[in-house]
Every structure is written in C-alpha cells, then in structure tokens.
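I opened the model to look up how selected helices pack and what surrounds them. My entries follow.

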Amino acid sequence: MLDFPRWQVWGILATVVAAILFALPNAFPEREVAAWPPVLPRGQLNLGLDLRGGSHILLEADAGDIRRQRLEILEETVRAELRQAEGGAIAVVDLGTTGGAVSFTVRDSPDLDRAVELMRTLSRPVGGLTGERSFDVEVRDGTRVVLRPTAGGLAAETDSAMAQAVEVLRRRIDELGTREPTILRQGSNRIVVQVPGLQDPEALKALLGKTARLEFKLVDLEADPKLAAEGRAPPGSQVLPSQEGGVVVVKRRPIVTGDQLVDAQPSLDKGLPVVAFRFDAAGGRRFGRATQENVGKPFAIILDGEVISAPRINEPILGGSGIITGNFTTESANELAILLRSGKLPVALKVIEERTVGPDLGADSIRAGAIASALATLFVAAFMIATYGRFGLFSVVALVLNALMILAIMSAIGATLTLPGIAGFVLTIGAAVDANVLINERIREELRKGRKVVTAIETGYREAFRAILDANVTNVIAAILLFSFGSGPVKGFAVVLTIGIMTSVFTAVTVTRLMVARYVRANRPAALAL
C-alpha cells in the first residue's frame, strides 16, 4: 500500500496541479481572467440567482391557446386526409371548428362509413392501459361527423408543448449572452425562469412573452371591407389586426411558416431597420411556387396574429430568402431576429409572477459562506492536528486540496453555485476528514496489537478503505437521487455534495497515503505519535 510507481506519483501531482490551475481564476476579477493566455484555464464558478442577484419570472401556459392550436392543426389534417383518402376523395361540406370540436358533413351518405373509419385512424392512443385516445369520433344527424379532443389528448398536447417551450426559452435566453439561466417546469403548465446577473426584467419579459409565430398568408381580396371591420370573414379566411392600424383579411392556410426558417438577422434596407430571413430548401420551394402563382397580389407577413406588413408580390421570389419590413427600430429588429432564430413558442405564455433579487443579498450570502467555510476548515484542522499530530497535518493538507478540487471541477464543467450549494460545500469540509479519522484509528488499533509501523500503516489504509468506499457509495446514491427528484436549490446542494464526496475519497485516501509513504521512507520512524 505504501509503494507508489513513479507514473502514479506523477499522476497524483499532475492532478493536484491541474486542480490548482482550474480553481485559480476564481481568485481574480472576470476582466483580468479574460486577458490571460489561452493556454491557461479561464473558467470561473457560475453564481446562482440567490448569490449573484438577477431576475425571477414565473410563466403560465394559456390552456385555451393550446386547445385552439390543436383544433386548427386537426382541421387542416382532416382536410388533407379527406382529400387524399384511399379509394378516392371524400366530398364534405361545412368543414370547420365550432364548440371546441372539428366537424363536417359527408355529402354522399355511402362515404360516411369510410370517413368515420378514416377519422378513427387519425386518433392515437394517449391513455396507456385506459384506452383513451387523442379525440373521440361521433356521428350526429345521420351524416355529421364530430371530432372532439379528449382530456387525455389535451393533457398529452400540453405536456409536449411545455417541454418544447422550455427548449425555445433556453435558446432565446442564450442569445442574450447570459450565463447559466435556470429554466424549470413547475407543475403541468408553468415554467420558472431565473437569469442571474440580469437586473432589468422588462427586456426578458418582452423576449419570453412573445410566441414568435411567424406566418406568410395571402390577402383575401374578395372579402367585404364592411364585414371585415365587424370581424367577419368569408369561409376559409380570417380577420387579423394590422400593426399599421385597421384590419386585414387573409386566407387561413399559410403559404409557409416560421418553422421552415433557418436564419434571421437584423439588417438595413434603404437605411431603415429590417429583418432578413432565409428558408430551408422545402420552405424556399413553397414560397417560390406561391409567389410565382400570385404575382401582383399582396401577401401578409404575420407575427403572433398581427399583420406586420402586407407587401405586393411584384415578381417571383425564388431564392428562398427575403426581408421583413415594418415600423422597426434597431432594437426591435434585433429582438425579432432573436425570436425567429430561436423558434416559435408552441403555446402562449403569460407572466404571472416576477421579482428581482439585488446583488447585495448575494454578496452577503457569499461573505457568510466564506466565513463559515474558513471557520469550518480552521476548527477541523485544529482538531485533527491536536488529535493525530503529523498524520492530522497530512489530513489538513488533503482537506485544503479537496476544497480546491471542488472549485476546480465546478468551474471546469460550468456548474452553478447556489446558497444551498455553499451549505453542501461546508458540509463536505466537515465530512471530508471522516476517512482520515477511520484510517488513523485503524492504524492506532494495529499499533496497539504490537505491529511494526509500516505494517500498521499498510493494514490501516487497506482495512479502512472498505468502510470508506461503502459509506461514500451510499452517500453518492443519495446525492444522485436528490439531484434527480429535487428542485433547483436541492439540485445545487446535490451537485456540490456529489463532487465533494468523489474528491474527498481521492484526497483523504490517495493523497494522504502518498504523503505518509514519503514521510516513512525519508524518516523510517520506529514509533508513531498517534
């Protein structure tokens, strides 16, 4: 146990040096670290909202918006399936959405069974063993087919939309250049967003609250302006408000949507801010074909249900790219470009709670945590040296290295330190010497049995390691469970605890064993003061 090959010695020393280098940037201001040579580690510990200050926002999904979108998609799907039905298209009339359901009347009675069977194949199972499906199919008045979404179907749609919304929000916040935002689902229809270091939540609210649903639709030139002013549109069309005032009647079916955008950037056109966009190959073909077939007609560019502009198609747009004009400022054009690049939110979100945490509270917490860590280290060091002498001093050196390794690993992997994380750090300092206590007490026991110094040390390390390993494995399992099932603060505690457990085994066993081996080889003591 006290024999170390040369490669192992160099490996331990290299690990210790690397830990010091990766922990070192945390002792300097961020501006100074940014000027360091690229060969040196420059990653610093990220501080959570409770330590650094920042913005906290709670968002809630609009259940009505999810239902409305679901019905719109279902209506378009039904229309396409009836047109492409096996055995020939099924003729229907009055296909539309009313009363929270999609319904249509089959024109020819012999096609009714075929239409019902086709609709049932579109309904997918969502209830597991309960057999519940995404929507129910009913027949009323002989030939009227009604498709009504089920509670299970809406719940599945909500879950899918919320999971996608979390990723969209993460992409939007990343565009701001902020460090380590926390974005978590809360319940079935809420999302918590915490952005450390951001003291002005208004810009964040504006960015997160917009759905960014971009659509390109043809303007309905046959619509009656008087009816449009009353909010009434012909079948297959809809009335939308215009950014420039008034309303615009557009076709319900979009030419192309923002889902097919691959890039959007703020730009200038004739000195005015605009947003330049580019479609993917499929979107570019659809857009090009639509503009070829509708030269001379206006089409509307719609964002979140509002017409930004309605330019006239003067010539086919075949390059798969274009610009969006409107009453933009430089800031609003950049904001829209960010929204379009990050993708649309699958559901409208509204802010139901917001608060700002000042940096002063975080500074006080950091100061208190630093004092607690220093006192914990000091008292533990005093106890270990007083109890075990030189071997206690070895344990204190390992304890300091353990603290540096925790900082180094958290800085390297970009982990976030929260207030509960500081508690985990202080707890780790106190628990890190447990292994050394077990080892030293076992060595004492072997010495009482009359064993020689080297034999007692080897036996002490070997026998104590089993108990150390068992204890730390169970602690790691508990920490992993805390991380898996806990919320944000609990996760911060679990991360620090897990890293501290793993590093403490290395420093308390391997590092101290190397120091003890060097001491014994150099001095060959006949007895130990333990």
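I looked first at helix α1 (residues 6-23) and helix α12 (residues 390-413), whose axes come within 8 Å and cross at roughly 60°. Axes are lines fitted to C-alpha atoms, for helices over the stretch in contact, and angles run from 0 to 180 degrees between N-to-C directions. Helices are DSSP runs (H or I, at least four residues), numbered from the N terminus. That angle makes α1 oblique to α12, oblique being what is left after under 35 degrees (roughly parallel), over 145 (roughly antiparallel) and 65 to 115 (roughly perpendicular).

I noted that this is a predicted model, in which local features need pLDDT of at least 70 and side-chain atom pairs count only at pLDDT 80 or more, while totals for chains, interfaces and linings use all residues. Residues are numbered from 1 along each chain as its sequence is written, and side-chain values use heavy atoms, with hydrogens and water left out.

I then listed the contacts (heavy atoms within 4.5 Å). Thr15, Val16, Ala19, Ile20, Phe22 and Ala23 in α1 meet α12 residues Leu401, Leu404, Met405, Leu407, Ala408, Ser411 and Ala412.

I turned to helix α4 (residues 63-83) and helix α5 (residues 112-122), which pack at about 130° with axes 11 Å apart. α4 and α5 are therefore oblique to each other. From α4, Thr77, Val78, Glu81 and Leu82 meet Leu118, Met119 and Leu122 of α5.

Last, I checked helix α14 (residues 434-448), where the buried residues (under 20% relative accessible area, 1.4 Å probe, protein chains only) include Ala435, Ile439 and Arg444. Just after α14, Gly450 has a positive phi of about 95°.

Notes
Helices (H or I, at least four residues) and strands (E, at least two) are DSSP runs, numbered from the N terminus. Buried means under 20% relative accessible area, exposed over 50%, partly exposed in between (1.4 Å probe, protein chains only).
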